[in-house]
Every structure is written in structure tokens, then in C-alpha cells.
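User: I'd like to get better at reading sheets. Could you walk me through it with an example?

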Amino acid sequence: MRKKWLRLIVPAGMLLLLSGCLFRTPDDLYRLPERSAGYDQLNAVIRTVRSELESEYGTSIDNAVIVSGENTATIQLQDLDGDGERESAITFLRVPGIEKAIKIYIFNQVDGQYQVTGMVEGDGATIHSVDYVDLNGSGRKEIVVNWQISTGVYQVGAYTLDELAAPTIKQTNDTAAVPQAQKKPDLMATELLLTGCSGYRLMDIDQDSRTEIAVAVLDSGGVDSYVEIYSWQEADFTKTQAPLSAGVVTLSRMLPDYLAGEYYTPALYVTCALADGSKTVDVLAMRNDQLVNLALATGKSDDPAVSPNILQSYLGVGPTDINGDMVVELPSPSPLPSYGDSSAANFWLIDWSQYDKNGSCNPVMTTYHNVSDSWYLVIPDQWKNQITISRNDSLSGQREVVFSWWPAGGQEPVPFLSIYRLTGNNRTAHANWDGRFILREERDIIYAAQFYDCGWDCGLNQTELLDSFRTIQPSWNSD
């Protein structure tokens with residue numbers, strides 16, 4: 001019996017010892033984690049910088065706001081020297097009422113203490129976005145800033161710290177070595193680029209292993225809009241330019257991606273709005289060291305100055321890698337025929353195509369997209385010119401899309417498939433009604449389907465329908 005109790009007590013005691021609970025007070029258990037000494041020291045240095053600015057300009061100092069992008073924090077830790085360690089801290093301050101109102105400070109630890117090792121200054125009310133990337137091939141990262149000068153007015157700037165002297169250490173007689181503060185002119189980063197822009201993207205479009213800056217410049221009058229590529233060559237940026245579609249007035253999206261082909265050739269897909277609310281998609285790529293708009297080079301548009309890739313507002317989708325082959329596809333809608341007073345006039349099939357490096361736009365697949373219900377279906381080729389679509393939303397918690405066989409010149413359409421979006425507490429019961437089967441289950445939604453015997457072989461069984469059915473992810477950008 002004694003051995004039995006020992007076998008029980010010893011493991012229990014070991015667990016208590018390992019947990020450390022026997023040696024911690026209740027106050028210790030609920031205490032917030034302590035901040036590191038480095039964190040406190042960095043904040044102290046930032047407070048000193050703010051105080052010095054307030055004394056210099058006689059005004060209170062604000063944090064500069066970064067409104068978009070991946071880097072929006074007030075204090076950001078970055079690996080600027082490319083050694084794999086995020087040893088640089090960057091903060092963003094704004095001095096109201098002066099030129100170059102936004103001040104970006106770069107801090108590094110010198111002999112264990114943070115000090116200012118670099119600065120960037122710029123005009124504007126806010127920073128639209130900021131990125132860190134090696135532009136000149138030095139192995140160290142430059143700072144790319146999209147300055148928001150005013151509403152709708154932006155400038156993109158690129159700044160390097162490469163030319164700044166390394167921080168020095170001052171040795172005193174009675175204390176340990178301390179960082180030697182540098183004067184403001186010695187801390188200013190070198191400006192490599194500053195140009196007006198409507199938007200920009202970073203990408204290696206010429207495949208030279210260095211990142212380029214792609215800048216879109218739109219004319220609000222729709223007369224002369226273009227994209228410029230800034231690429232670093234030896235000691236400076238070189239520039240190549242290609243036009244965007246005529247008539248574009250606002251930029252919707254710049255999407256770096258690839259062209260179809262044996263090799264993944266980089267391309268930039270630029271979506272812009274026209275005055276009538278429709279949108280164009282221009283496709284830009286490098287050819288013989290020059291930027292080319294492949295969409296304008298095809299000659300397939302009625303207007304050679306306008307891309308043939310037009311997105312209407314009702315479409316609800318934009319350029320997307322719909323088939324998962326790492327190359328973006330462009331959507332083109334085709335309306336379905338309607339029967340009588342049917343609402344089928346509001347339904348479209350979407351033909352997806354992708355560009356190759358020669359500028360050819362080749363078909364990939366066809367889908368029906370139900371954006372409001374967050375799903376789409378890959379359409380078999382044999383369905384084309386054979387079907388029409390209608391809706392039935394009369395039952396609460398059930399949204400039904402009905403696919404009907406209706407060959408050209410036929411009589412009344414005959415349903416052969418329904419797809420349901422089921423919500424509410426009774427969705428499971430509705431999904432298991434006779435003849436139905438489940439396509440996808442999500443937290444509060446069940447997607448289900450049902451085939452009907454209409455005398456036409458649609459070419460899909462349950463398994464094939466499951467493979468063809470997809471849900472639309474919330475992260476999709478539909479432009």
C-alpha cells in the first residue's frame with residue numbers, strides 16, 4: 001500500500017514543482033508581463049526626440065498616421081541591414097504647420113543603447129503607406145514612402161541609408177563608452193526618387209533580381225494616363241513608360257502577377273475606372289527592356305486606345321487566379337437567355353482568360369458567380385447555349401438558384417439542378433430533405449444541391465458537382 005501511495009504522490013508533486021505554482025503569490029499570477037529594458041529605453045529616446053522637436057518648433061508633436069499597407073504601427077521593428085535580425089526601430093512623427101512636416105526616425109542600438117541613426121522628412125498630412133525593400137542591390141533595405149499630400153494627391157519617395165556614417169562611440173573618463181549623437185544633416189537619408197503618383201507597387205518586373213517601383217499616374221481628365229517603371233541601374237534609377245487605356249479617371253487596383261506560359265513572366269494588372277462607372281484592365285509587361293501594355297497591343301478592342309478587358313459594375317468580380325495556376329485570369333461576362341418574364345436577364349456566365357507573353361488572351365474556363373450568396377460554379381462546356389438560370393427565395397432561410405435546360409428554339413425550360421444557400425436554425429433539416437446533398441458546411445451556412453430528372457444528361461454527378469462548386473473567400477478583391 002505504501003508503494004502505491006508513493007507512486008501517486010511523487011508524480012503529483014513533480015507536476016506542482018514543474019508548474020511553479022507553489023512558489024508564486026496570487027499577485028504574481030495576475031501580473032502583466034514585464035516590458036524589456038530595451039523597450040523602455042527606446043521609448044525614452046523617442047520621448048527625448050519629441051521634446052527636442054517641440055522645443056525647436058514651439059508646438060506639440062503628433063504621431064504621423066499611416067493609413068494603409070502592411071506597416072501601419074506607430075513604432076516598427078525592421079531588418080534594414082539584411083542580417084536577419086530586426087534591430088532597427090522606426091517611428092513616425094508630425095510637426096504641424098511647417099514644410100517637411102512628417103519626420104521618420106530610425107533608431108539602432110549602439111553599444112546597448114538606442115540612438116537616432118537616420119531620418120527621412122516629407123511633405124503631407126499623412127503617410128498613405130510605407131515599405132522596406134532593397135532597391136539598389138546593396139543587400140540593405142531602402143524606405144519607400146507614399147506621402148499623402150492632400151485628398152487624392154500623392155507622392156512616392158524612395159530613400160536610402162547606405163551613405164550615412166556608422167554611429168560612433170564617445171569614451172569618457174569616468175563612465176563607460178556612450179553613443180555619440182550625430183548632427184541632423186548627418187542623419188538625413190539620401191532621396192533616390194520623389195514623383196507624383198496615383199498608386200504604386202513594388203515588384204521585380206524585369207527579372208533582374210532587384211525590386212522595381214511601378215508608379216501609376218492618372219490624368220483626372222482621362223487624356224494621358226500611364227505607368228512608369230523605375231529600375232536601379234548602377235548608380236541611379238532608369239525609367240520606362242507605357243500608356244494606360246484612354247479615358248480612365250481613377251485607379252482601382254494594381255495587381256503584380258504573372259503571364260501564362262512555360263516560364264512565369266511578371267506582369268502588372270492595372271484596373272481603372274472610366275467616367276461611366278465601368279472599369280478597364282490593362283496588362284503591362286517588359287519586352288526588350290521596354291514596358292508594353294499588352295491589352296492595347298492586341299488590337300481586339302473597338303477603340304485601339306482602350307483595353308478590350310472591360311468590367312461592368314454588375315459583375316462583382318475582378319482579375320483573379322480562378323484556376324489556381326499562379327497566373328491571374330480576367331473575367332468577361334456573357335448574358336444568359338431569358339424565358340418570358342424570367343429574371344434570367346440578370347444572370348451571366350463569366351468566361352475567364354489569361355494573357356501570355358506574346359499578348360494573346362486565351363480562354364481558361366467558364367463560371368457562374370453568385371456573389372450575393374458567396375459561391376460560384378465551374379460550368380461544363382456542354383452547358384453553353386443549353387441553359388438558363390432563375391432564382392427562388394420565397395422560403396425564409398433558403399436562397400435557391402435553379403439551373404434549367406433550355407436549348408435554343410426549345411419549349412419551356414426544364415430544371416435539372418438547384419443549389420441552395422441555407423441559413424437559420426433549421427438549415428440542417430433543410431439540407432437533408434429528400435434528394436438533396438450537402439456541398440459545403442460553414443459555421444452558419446450550409447450549401448446543398450439537388451439534381452432533377454429532366455431527360456437531359458448535364459454531364460455531372462454528385463462527386464463532380466462537389467469538385468466544381470467553390471465558395472468565394474471574403475479576402476477576394478473584386479475591384
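User: In what order do the strands of the open sheet of four lie?

Analyst: Start with the general idea: strands of a sheet pair through backbone hydrogen bonds, either parallel or antiparallel. In this predicted model, the open four-stranded sheet reads β6-β7-β8-β11, and its pairing is antiparallel. At the edges you find β6 (126-133) and β11 (190-197); each has a single partner strand, so one side of each lacks a neighbour in the sheet. From one strand to the next, the twist averages 20 degrees.

User: How many bridges join β7 to β8?

Analyst: Seven bridges link β7 (residues 142-150) with β8 (residues 153-160), and the two run antiparallel. To pin down the register, pick a residue and look across: Val 145 has Gly 157 in β8 as its bridge partner.

User: And the open sheet of five strands, which order does that one have?

Analyst: Read it the same way. The order is β21-β22-β23-β24-β30, with antiparallel pairing. Here β21 (330-335) and β30 (469-471) take the edges, each with a single partner strand, so one side of each is left open, without a neighbour in the sheet. Ignoring direction, neighbouring strands of this sheet are turned by 35 degrees against each other on average.

User: Which residue in β24 is the bridge partner of Thr 367?

Analyst: That's Val 378. As for the strand pair, β23 (residues 361-370) and β24 (residues 375-378) run antiparallel and are joined by four bridges.

Methods: Residues are numbered from 1 along each chain as its sequence is written. This is a predicted model: local features need pLDDT of at least 70, side-chain atom pairs count only at pLDDT 80 or more; totals for chains, interfaces and linings use all residues. Side-chain values use heavy atoms; hydrogens and water are left out. Two strands pair if DSSP finds at least two bridges between them. Axes are lines fitted to C-alpha atoms, for helices over the stretch in contact, and angles run from 0 to 180 degrees between N-to-C directions.
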